[in-house]
Amino acid sequence: MILAIDQGTSATKALLVDRSGAVVGSASAPLGASHPRPGWVEQDPIEVWDSVRAAVRSFDPDDAARVVAVGLSTQRESLVLWDRTTGEPLGPLLGWQDRRTADRCAELLAEGAGPLVADVSGLPLDPMFSALKAQWLLDTYDPGRGRDLCLGTIDSWLLSRFSGGREHVTEIGNASRTQLLDVRRGAWDDRLLELFGVPAAVLGEVTPSDGPFPAVRGLDPVPDGVPVLAVLGDSHAALFAHAGWRPGVVKATYGTGSSVMAVLGGPADAAGGLCLTVGWQHGGAAPTLALEGNIRSSGRTLTWLADLFGVSTTELLDSAGPSAEGVALVPAFGGLGAPWWDADAVATVSGLTLGTGRPALARAAIESVAFQVEDVVAAVEAVGGPIETLLADGGLSRSATVMQAQADLSGRAVRRADDADLSALGAAQLAGVGAGLWSVADLTDRARATTAFAPATTPEQRRDGRAGWHAAIARSRTQPLADTPVPVSRRHP
């Protein structure tokens, strides 16, 4: 069997996958976060490692003894700094949602660094990505840059724990999210390292998605020495599970935030507020590039509103009315991500009346998710051509209400993966290729169980809905909407 570990923002999940590709065992361990100041998001690196061990420890030793390979998918952009000699972390893990570097980001933008960063890394200069977090951690714990330290994303941190601190490697897809990698060359870029004050010596060796990686260690009841044959960022792993190398495949992962991603069919640059990122690299081939749009708050919007009303997220979804009654909620809690990339945007609720209640607000929160995803899908379509069907996965995609809203507001068919843990499954699939259990061709032909949602709205309703949404976006932003291109599909108005 293959053991797949999906280390996410709020939990670590683990799957056992047999040689037919079926999930035969699953476990999960929760993970906390702290917010010591407004905009700061921290986790304990040791707690992250312990959550991985706790999830795997739930499996029967007899099943664990049958594990021939491990696949790992991880949250991205989050960053850990640790001592190379002792292996102990220095300070907290800075989460991908952390905004403490917003002022430094604004300084660099004012100095004109934005075009260089975007051109080389494929990513807009924004606090979400790892480079500014790296600078903050080093300035805080090694201002003289004289200590023997390691700096890495979650994949790098976990692989270091597997190796007992002897190896420091980083998978190329995760590395491409740090804003320190030349995305086309697949190597750390000296200009970006100098800009952010990051010595090359603290970074791991960039490796393909199929390794080589350190074998597992300290992951009872899995025997020490089982090889890690695949590492992917969580959104990349979900796209891989969708067989995202096929032409025209576009997926949206609905989690705390959302990621819309599609593999490039040919040479292209990031445009329309999209990121250029490495999807994966395996089998000795060149890196596979992908376009991606990152949304900061989707599922988190619903949990925030549920907490506000003192109900569960399920209760909130069940209470949603058939209409938002003119209410628009823009969840720019830490600014807006793709395609706007406006760090100064503020969260707004507009269209309230004295008769507004929970049903309308719940519907507005659901629509905020669907509208944000559609804005990114339209931007992907503008670069890559028509998109008739959107593939969906992630925790929030379990809600039929959210999926139907996505179809209705976008005018596209939505097909939701019936497998709930697609990121873990994608890591398992790539590890299975490395273990010889199946081939990429087998994965291309493998049937994927999905549930379909068809749009039940008219083009006029969709056009009016998006116009109202973009008016709400304009109220949220410091920059007038007219100054920023608004991606609108010609085929799906």
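**Figure 1. Surroundings of G87 in the predicted model.** In this predicted model, G87 is buried, because its relative accessible area is 9%, and the cut-off for a buried residue is under 20%. G87 belongs to the loop that runs between β6 and β7 (93-94). Its contacts, leaving aside neighbours within four places in sequence, are with W82, W157 and R161. R185 is 98 residues apart from G87 in sequence, and the two C-alpha atoms are 30 Å apart in space.

**Figure 2. Strand β8 and its partner β6.** Strand β8 comprises residues 149-152, and both of its faces are covered. L149 and L151 lie on one side and C150 and G152 on the other, and all four are buried. The strand pairs with β6 (residues 80-83) in the antiparallel sense, over four bridges. Within this pairing, V80 of β6 stands opposite G152 of β8.

**Figure 3. The largest cavity and its lining.** Rolling a probe the size of a water molecule over the atoms shows where empty space is left. The count comes to one cavity of 30 Å³ or more. The volume of the largest cavity is about 70 Å³. Two elements, α5 (130-141) and β8, give two or more residues to its lining. The most is given by α5, with three residues. Among the lining residues are S130, A131 and A134, together with L151 and G152. The lining also includes L79, T153, T170, T178, L180, W188 and L203. By type, the lining divides into seven nonpolar residues, five polar residues and no charged residues.

**Figure 4. A113 between two helices.** A113 is found in the loop between α3 (102-110) and α4 (114-121). This residue counts as buried because its relative accessibility is 9%. Not counting residues up to four places away in sequence, A113 touches L108, L125 and L195. A113 and L192 are 79 residues apart in sequence, and their C-alpha atoms are 9.7 Å apart in space.

**Figure 5. S176 and strand β16.** S176 lies in the loop between α7 (172-175) and β10 (181-182). With a relative accessible area of 1%, S176 is buried. Not counting residues up to four places away in sequence, S176 touches S121, L123, L181, V183, T277 and V278. Strand β16 spans residues 275-280, and six of its six residues are buried. Five bridges join β16 to strand β17 (residues 288-295), and the two strands run antiparallel. In this pair, V278 stands opposite L289 of β17.

**Figure 6. T256 and its contacts.** T256 is found in the loop between β14 (251-254) and β15 (258-263). The residue is partly exposed, with a relative accessible area of 26%. Leaving aside neighbours within four places in sequence, T256 is in contact with T9, W96, Q97, R296, S297, S298, G299 and R300. One of these contacts, Q97, is 159 residues apart from T256 in sequence. The C-alpha atoms of T256 and Q97 are 9.7 Å apart in space.

**Figure 7. Backbone geometry at four sites.** Most residues other than glycine have a negative phi, and most peptide bonds are trans. The peptide bond from G211 to P212 is cis, with omega near 20°. A cis peptide bond also joins D220 and P221, where omega is about 5°. P212 lies in the loop between β12 (205-207) and β13 (228-233), and P221 lies in the loop between β12 and β13 as well. R145 is not a glycine, yet its phi is positive, at about 55°. R145 lies in the loop between α5 and β8 and, at 25% relative accessibility, counts as partly exposed. A243, likewise a residue other than glycine, has a positive phi near 55°. A243 is placed in the loop between α9 (234-241) and β14 and, at 0% relative accessibility, counts as buried.

**Figure 8. Confidence of the prediction.** The protein has an average pLDDT of 92, and 95% of the residues score at least 70. Over residues 488-493, pLDDT stays under 50. For this stretch the model has 18 contacts beyond four places in sequence. Where pLDDT is low, the predicted coordinates should not be read in detail.

Conventions:
Residues numbered from 1 in each chain as written. Predicted model: local features only at pLDDT ≥ 70, side-chain atom pairs only at ≥ 80, totals over all residues. Heavy atoms only, no water. Buried < 20%, exposed > 50% of the residue type's maximum accessible area, 1.4 Å probe, protein only. Pairing = 2+ DSSP bridges. pLDDT = per-residue confidence, 0-100. Contact = heavy atoms within 4.5 Å. 1 Å grid on protein atoms, 1.4 Å probe; cavity = no way out; pocket = protein on both sides within 12 Å on 5 of 7 lines; lining within 4 Å. Points joined across faces, edges and corners; volume = space filled by probe spheres on them. Nonpolar A, V, L, I, M, F, W, Y, C, P; charged D, E, K, R; others polar.
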